[in-house]
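Please open the structure in your viewer and keep the selection tool at hand. The tour goes from stop to stop, saying at each one what to select and what can be seen there.

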Amino acid sequence: MELARRKAEAEAAGRTAIAVAWDGEARAVLEVADAVKDTSAEAIERLRALGLTPILLTGDNRAVAEAVAAEVGIEKVYAEVMPEDKVDVVRRLQAEGRSVAMVGDGVNDAAALAQADLGLAMGTGTDAAIEAGDLTLVRGDLRAAADAIRLSRKTLGTIRTNLFWAFAYNVAALPLAAAGLLNPMIAGAAMAFSSVFVVGNSLRLRGFRAAA
């Protein structure tokens, strides 16, 4: 009874309890815990600020998973899931019409990373996870995931702006040129300006800085 109580207390505190036995009888309980990084709660807050809904998907037991989730500010938890179950969870979320980004670092995460719309592998993780991911985060810091998403959104916005400018220029200039109302010198200068604008607009991305 004492060992069962210690096991329950350890799991309630967010630690994994391992029973040790010899001579056919359980005699001790070892407590093992992964230290939550100081930056994890901040990373979750940054992801929320981007309009994302963080979900914890782990093979750890439910008590441990919920304790960790509470510490970093995650509300939705899928615990005690096998690698194939992680893939099923990702598929269910996608079936609900959601775009899913998966962050993982272990062999058990590889299949889910491949299934997700965006797989973010931690550079400090296993080769299997890195191979399965779409993007590798060099730093072993979850805040890098938020930075990567911010940068990708800025990049997509820049691409859209460049495409709009290119199409707008051609839509406006082609009818004028066909009607003979556009001087070739002016058209050439406008085309050069269009190219300079697109390049200059793209170079603005060099000013992107990761959040401190």
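Begin by selecting Trp-165, Phe-193 and Phe-197, which are linked into a cluster by ring pairs. Please keep in mind throughout that this is a predicted model. A search of the whole structure finds two aromatic pairs, and the tour takes each of them in turn.

Show Trp-165 together with Phe-193 to see an edge-to-face aromatic pair, with 5.9 Å from centre to centre and 70° between the planes. This pair links distant parts of the chain, since Trp-165 belongs to helix α7 while Phe-193 belongs to helix α8 (residues 184–203), and 28 residues separate them. If you colour by accessibility, Trp-165 comes out as partly exposed, with a relative accessible area of 28%, and Phe-193 also counts as partly exposed, at 48% relative accessibility.

Now keep Trp-165 selected and replace Phe-193 by Phe-197, which gives an aromatic pair that is tilted, with 4.9 Å centre to centre and 40° between the planes. Because Trp-165 lies in helix α7 and Phe-197 in helix α8, this pair ties together parts that are 32 residues apart in sequence. Phe-197 counts as partly exposed, at 30% relative accessibility.

Next, stay with helix α7, which covers residues 143–178 and contains Phe-167. Is Phe-167 buried or exposed? With a relative accessible area of 57%, it is exposed, because the cut-off for that class is over 50%. Add Leu-156, Ile-159, Leu-163 and Val-171 to the selection, and together with Phe-167 they show a nonpolar patch on the surface, whose accessible area comes to about 500 Å².

Another residue to pick in helix α7 is Lys-154, which is partly exposed, with a relative accessible area of 46%. Draw a distance from the C-alpha of Lys-154 to the C-alpha of Phe-208, and you will find the two 8.8 Å apart in space although they are 54 residues apart in sequence.

For the next stop, leave the helices and select the strands β5, β6 and β7, which in that order form an open sheet with parallel pairing. Which strands stand at the edges of this sheet? They are β5 (101–104) and β7 (135–137), each of which has a single partner strand, so one side of each is left without a neighbour in the sheet. Looking along the sheet, you can see that its neighbouring strands are turned against each other by 25° on average, with direction ignored.

Then go through the two pairings separately, starting with β5 and β6, which pair in the parallel sense over four bridges; here Ala-101 is a residue to label, as it stands opposite Leu-118 in β6. On the other side, strand β6 (residues 118–122) pairs with β7, again in the parallel sense, over three bridges, and Ala-121 can be labelled there, opposite Thr-136 in β7.

Finally, add the surface of the rest of the structure around β6 and ask how many of the five residues of β6 are buried. The count is four of the five, so β6 is largely enclosed by the rest of the structure.

Conventions
Residues are numbered from 1 along each chain as its sequence is written. This is a predicted model: local features need pLDDT of at least 70, side-chain atom pairs count only at pLDDT 80 or more; totals for chains, interfaces and linings use all residues. Side-chain values use heavy atoms; hydrogens and water are left out. Patches are made of residues with over 30% relative accessible area and no salt bridge: like charges are joined within 9 Å, nonpolar side chains (Val, Leu, Ile, Met, Phe, Trp, Tyr) within 5 Å. Accessible areas come from the Shrake-Rupley method with a 1.4 Å probe; for residues, only the protein chains shown count as cover. A salt bridge is a side-chain nitrogen of Lys or Arg within 4 Å of a carboxyl oxygen of Asp or Glu. Buried means under 20% relative accessible area, exposed over 50%, partly exposed in between (1.4 Å probe, protein chains only). Rings of Phe, Tyr and Trp (its six-membered ring) pair if their centres lie within 6.5 Å; planes under 30 degrees apart count as stacked, over 60 as edge-to-face and the rest as tilted. Two strands pair if DSSP finds at least two bridges between them. Axes are lines fitted to C-alpha atoms, for helices over the stretch in contact, and angles run from 0 to 180 degrees between N-to-C directions.
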